[in-house]
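Colleague: I'm new to this, so could you walk me through a structure and tell me how each label is earned?

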Amino acid sequence: MNKIIGTGSYLPERIVSNEELERTVDLSGYVGKNGEKYAQWVERVMGFKFRHVADDKTTTSDMALHASNKALTNAAISADDLDLIIVVTSTPDKKTPNTASILQSKLGQIEKSWAFDINAACPGFIYGMSVADALMKANPAIRYTLVAASEKMSSIIDRSNFITSPTFGDGAGAVIMAPSGDQSGIIEYYARSNGRMGELLDIPAGGSLLPITPENCRFIYDKKLNCLTVKTGELKCFASEKIVESVKYVCRKHFNEP
């Protein structure tokens, strides 16, 4: 079995409060009940008092590097020990090369480990760890794996939107995985995908379906089709249902729970 032997995290220094957002977002679509201020509504409904936001020069790989270095220190190994690097992100530094390869270079490692990205949005970290676990079991030569989840959501949201702007922030987390040598470690994963629900979390433009060109860029940016759109009500219900389903599956399989 494989287990986590080191962890690390990173948050940008800048903190954006609900009160600051209240002064900067477009509130034309916000309707507060009983005179409730926007900042109070965000805290009550979404549960957020503030979020961390990276500056314009900070990249996804920069944040992943901070978290990864902490995880390596915590695990008492060096980057040269890594055999596999997986970066989980929906906000890569570039279309190519992949952010994992960029992180590999920033860690100072050359041509030793595998390095690739996984784009799976919210469940991405679970996907990353499950893929790492499977590869390590299939190939005993892979002993130490870095899984880093890093997102610069501020780079893909409409910062004037009163729904998405308070919902997302920036940051990174990382783990080091290694064989446990016994029966301790990660015992189960449960992950599923429902492609029909993809429209709940969507960036319409920027891919092969709707590439951004000189001819359409003004239209795309005016309509903000390059920004993340979220159907919050449906997504919350869907996610809550699936979290319960996941917990029940694991409990039934391993703990004889009904």
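Modeller: Sure, and one term comes up front: Ala, Val, Leu, Ile, Met, Phe, Trp, Tyr, Cys and Pro count as nonpolar, Asp, Glu, Lys and Arg as charged, and the others as polar. Also, keep in mind that this is a predicted model.

Colleague: How do you know which classes line the second largest pocket?

Modeller: Its lining has five nonpolar, three polar and four charged residues. Among the lining residues are R14, V16 and S154; Arg counts as charged, Val as nonpolar, and Ser falls with the others, so it is polar. The pocket's volume is about 180 Å³, and helix α1 (residues 18-24) gives the largest share of the lining, three residues.

Colleague: What makes T99, A100, I102, L103 and Q104 of helix α4 (residues 99-106) buried?

Modeller: Buried means under 20% relative accessible area, so each of those five α4 residues falls below that cut-off. They pack against α3 (60-75), β4 (84-88), β5 (114-118) and β6 (145-152).

Colleague: Why is the link between N98 and A100 called a polar contact?

Modeller: A side-chain oxygen of N98 comes to within 3.3 Å of the backbone nitrogen of A100, at the start of α4. The cut-off is 3.5 Å for a pair of N or O atoms, so this pair qualifies.

Colleague: And what makes β1 (residues 2-10) and β7 (residues 170-179) a pair?

Modeller: Pairing takes at least two bridges, and these antiparallel strands have eight, so they count as paired. One example is Y10, whose bridge partner in β7 is A172. Eight bridges also join β6 to β7, again antiparallel, with A149 opposite G173.

Notes: Residues numbered from 1 in each chain as written. Predicted model: local features only at pLDDT ≥ 70, side-chain atom pairs only at ≥ 80, totals over all residues. Heavy atoms only, no water. 1 Å grid on protein atoms, 1.4 Å probe; cavity = no way out; pocket = protein on both sides within 12 Å on 5 of 7 lines; lining within 4 Å. Points joined across faces, edges and corners; volume = space filled by probe spheres on them. Helix = DSSP H or I, 4+ residues; strand = E, 2+ residues; numbered from the N terminus. Buried < 20%, exposed > 50% of the residue type's maximum accessible area, 1.4 Å probe, protein only. Contact = heavy atoms within 4.5 Å. Polar contact = N/O pair within 3.5 Å; in protein donor to acceptor, adjacent residues only side chain to side chain.
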